[in-house]
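Reader: I'd like to learn how to read the features of a protein model one by one. Could we walk through one together?

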Amino acid sequence: MTVKPDPTELPLALPINLVLIGFMGSGKSSIGRILATKLGFHLVDTDALIVQEAGMPITDIFAWQGEEGFREFEAKALAGLVDRSTHGLVIATGGGIVTREENLPLLHRLGFVVELTASEEVIFERVSRNKARPLLHTPNPRETVSKLLAHRAPMYAAAADFSIDSTVKTHTQVADELIEEARRRYPCD
Ligand code: S3P
């Protein structure tokens, strides 16, 4: 007779959560999905938690309460994840999460903080495919991306334990490299 292992008894493929930070269009959601599948982790998206909590899309939150109101929701969503102290998560964060200083220690409490980067051209090409980002609803979104990126790039770099660039790599390659790095730093016993 073969006994099926109890999945809750199986060792985690990685003994720590992965926390993805980076600019809009850096690949957090897509790479997060691949990582979650490969590791057997759950993917949690802070934007999705915010939409659920607010009961409206992100564009409506911005229209209703402005960016500050959105940041309040975001900080609460992050703190809520820390309180749950769950393991086995890939956490994809919103691109502005690093702009609030109080969020930074929480990101580190959640797990291994990885910055995803890509060239400005690639980022602009990716964000142009999706119009649901209110910060880019400006007369010149290309210039907005450029300015925001220049302002935030040092914040991501300072907040991250590790950075990986996806400009000339497939999302799967990025995910594989990231898992390799995480396993090297956090070996399973
Ligand atoms: C934002 C990024 C968005 C979302 C919101 C604000 C930002 O998330 O949180 O529109 O300030 O960069 P993504 O990075 O997933 O696009």
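Reader: Let me start with a small detail: which residue just after H1 takes a positive phi?

Author: That is Gly40, with a phi of about 70°. Keep in mind throughout that this is a predicted model.

Reader: And H1 itself, how many residues does it have, and how far does it reach from its first C-alpha to its last?

Author: Helix H1 covers residues 28–39, which makes twelve residues. Its span is 16 Å, close to the 16 Å expected at 1.5 Å a residue.

Reader: Which residues of H1 are buried?

Author: Lys28, Ile31, Gly32, Ile34, Leu35, Ala36 and Leu39 are buried. These buried residues pack against four strands and a helix: S1 (17–21), S2 (42–45), S3 (89–92), S4 (111–117) and helix H7 (171–185).

Reader: Then the strands come next. How should I read a sheet, and in what order do the strands lie here?

Author: The general idea is that strands of a sheet pair through backbone hydrogen bonds, either parallel or antiparallel. In this model, five strands form an open sheet with parallel pairing, in the order S2-S3-S1-S4-S5. The edges are S2 and S5 (162–165), each of which pairs on one side only. From one strand to the next, the twist averages 25°.

Reader: How many bridges join the neighbouring strands S2 and S3?

Author: Four bridges join S2 to S3. Within S3, Val90 stands opposite Leu43, and Ala92 stands opposite Asp45. Moving along the sheet, S1 and S3 pair over three bridges, in the parallel sense, with Leu18 opposite Val90.

Reader: What about S4, which residue there stands opposite Leu18?

Author: Phe112 of S4 stands opposite Leu18, and S1 and S4 pair over five parallel bridges. S4 also pairs with S5, through four bridges in the parallel sense, and the bridge partner of Thr117 in S5 is Asp165. As for burial, S4 is mostly covered, with seven of its seven residues buried.

Reader: In S3, which residues point one way and which the other?

Author: Leu89 and Ile91 point one way, while Val90 and Ala92 point the other way, and all are buried.

Reader: Let me stay with Ala92. Why does Ala92 count as buried?

Author: The reasoning is a neighbour count: Ala92 is buried because 26 other C-beta atoms lie within 10 Å, and the cut-off for buried is 20 or more. Not counting residues up to four places away in sequence, Ala92 touches Leu20, Lys28, Ser29, Gly32, Leu43 and Asp45. Among these, Leu20 is 72 residues away in sequence, yet the C-alpha atoms of the two are 5.0 Å apart.

Reader: Why does Leu49 count as partly exposed?

Author: Leu49 counts as partly exposed because it has 19 C-beta neighbours inside 10 Å. Leu49 sits in helix H2, residues 46–54. Leaving aside neighbours within four places in sequence, Leu49 is in contact with Val44 and Ala77. The C-alpha atoms of Leu49 and Phe73 are separated by 8.9 Å, with their positions 24 residues apart along the chain.

Reader: Where does Thr99 lie?

Author: Thr99 lies in the loop between S3 and H4. Thr99 counts as partly exposed, because there are 15 C-beta neighbours inside 10 Å. Thr99 and Ile179 are 80 residues apart in sequence, and 26 Å apart from C-alpha to C-alpha.

Reader: Finally, helix packing. At roughly what angle do the axes of H3 and H4 cross?

Author: Two packed helices are described by the angle between their axes and the distance between the axes. For H3 (residues 58–84) and H4 (residues 103–110), the axes cross at roughly 35° and come within 9 Å. The crossing is left-handed. On the H3 side, the contact is made by Ala75, Leu78, Ala79, Leu81 and Val82, and on the H4 side by Asn103, Leu106, Arg109 and Leu110. By class, that contact has seven nonpolar residues, one polar and one charged.

Reader: And which strands does H4 lie across?

Author: H4 lies across S1, S3 and S4, and runs at about 145° to S1. H7 also packs on the sheet, where H7 touches S1, S4 and S5, and the direction of H7 makes about 160° with that of S5.

Conventions. Residues are numbered from 1 along each chain as its sequence is written. This is a predicted model: local features need pLDDT of at least 70, side-chain atom pairs count only at pLDDT 80 or more; totals for chains, interfaces and linings use all residues. Axes are lines fitted to C-alpha atoms, for helices over the stretch in contact, and angles run from 0 to 180 degrees between N-to-C directions. Helices (H or I, at least four residues) and strands (E, at least two) are DSSP runs, numbered from the N terminus. A crossing is left-handed if the near helix is turned anticlockwise from the far one by less than a right angle, and right-handed if clockwise. Two residues are in contact if their C-beta atoms, placed from the backbone, lie within 7 Å. Ala, Val, Leu, Ile, Met, Phe, Trp, Tyr, Cys and Pro count as nonpolar, Asp, Glu, Lys and Arg as charged, and the others, Gly among them, as polar. The expected span of a helix is 1.5 Å times one less than its number of residues. A residue is buried if 20 or more other C-beta atoms lie within 10 Å of its own, exposed if 12 or fewer, and partly exposed in between; C-beta atoms are placed from the backbone. Two strands pair if DSSP finds at least two bridges between them.
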